[in-house]
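This report goes through one protein chain, its surface and its pockets. The sequence and the structure come first.

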Amino acid sequence: MKKRSTIIAVAAVACAFAAVPTVASASNGGSWILGRSNTESATTTVTNSGGTPLTLNSKSGTAPLAVNSGTKVTNLNADKLDGVSSESFLRTTGKAADSDKVDGYHASSF
């Protein structure tokens, strides 16, 4: 019985050592492991020459993407709306330059 327990223990340790390099490879240059946290030391690029390379679907009421930074991302921001930069929009505390005019006429003329 003692010999059998020792063989099982040795086999378990051997399996554990064999699995460690596989996990490291999968999280750094290997395949993505879906449903698990993946860590990389380099940028990962997803490319699809036939169309959209990435689609994120989430249940209703939840965001399809979460990030850990407030830094603006080039070509991903809502900085422009219909070709107009966000700097062109009037702030809620601001006053439009022509707000005292109606159809080009000064409000005092009415």
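Tryptophan 32 sits in the loop that runs between helix H1 (2-27) and strand E1 (80-81). The model described here is a predicted one.

Trp32 belongs to a nonpolar patch on the surface. The other members of this patch are Leu34, Val46, Leu54, Leu56, Leu65 and Val67. Together the patch residues have about 760 Å² of accessible area.

As for the chain as a whole, there are one helix and four strands. Read from the N terminus, the order of these elements is α-β-β-β-β. The protein chain has 110 residues, and 2% of them count as buried. Its accessible surface is about 10,300 Å², and carbon and sulfur atoms account for 57% of that surface.

Two pockets are set side by side in the table.

| Pocket | Volume | Lining residues | Kinds of lining residue |
|---|---|---|---|
| Largest | about 260 Å³ | Leu54, Leu56, Leu65, Ala66, Val73 and Leu76 | six nonpolar, no polar, no charged |
| Second largest | about 200 Å³ | Trp32, Ile33, Leu34, Gly35, Arg36, Asn38, Glu40 and Thr44 | three nonpolar, three polar, two charged |

Some residues of the nonpolar patch also appear in these linings. Leu54, Leu56 and Leu65 are part of the patch and help to line the largest pocket. Trp32 and Leu34 are likewise in the patch, and they are among the residues that line the second largest pocket.

Which kinds of residue line the largest pocket? The lining has six nonpolar residues, with no polar and no charged ones. In the second largest pocket, the lining includes three polar and two charged residues.

Key: Residues numbered from 1 in each chain as written. Predicted model: local features only at pLDDT ≥ 70, side-chain atom pairs only at ≥ 80, totals over all residues. Heavy atoms only, no water. Patch = residues over 30% accessible without salt bridge, like charges linked within 9 Å, V, L, I, M, F, W, Y side chains within 5 Å. Areas by Shrake-Rupley, 256 points an atom, 1.4 Å probe, with all protein chains shown as cover. Salt bridge = Lys/Arg side-chain N within 4 Å of Asp/Glu carboxyl O. Helix = DSSP H or I, 4+ residues; strand = E, 2+ residues; numbered from the N terminus. Buried < 20%, exposed > 50% of the residue type's maximum accessible area, 1.4 Å probe, protein only. 1 Å grid on protein atoms, 1.4 Å probe; cavity = no way out; pocket = protein on both sides within 12 Å on 5 of 7 lines; lining within 4 Å. Points joined across faces, edges and corners; volume = space filled by probe spheres on them. Nonpolar A, V, L, I, M, F, W, Y, C, P; charged D, E, K, R; others polar.
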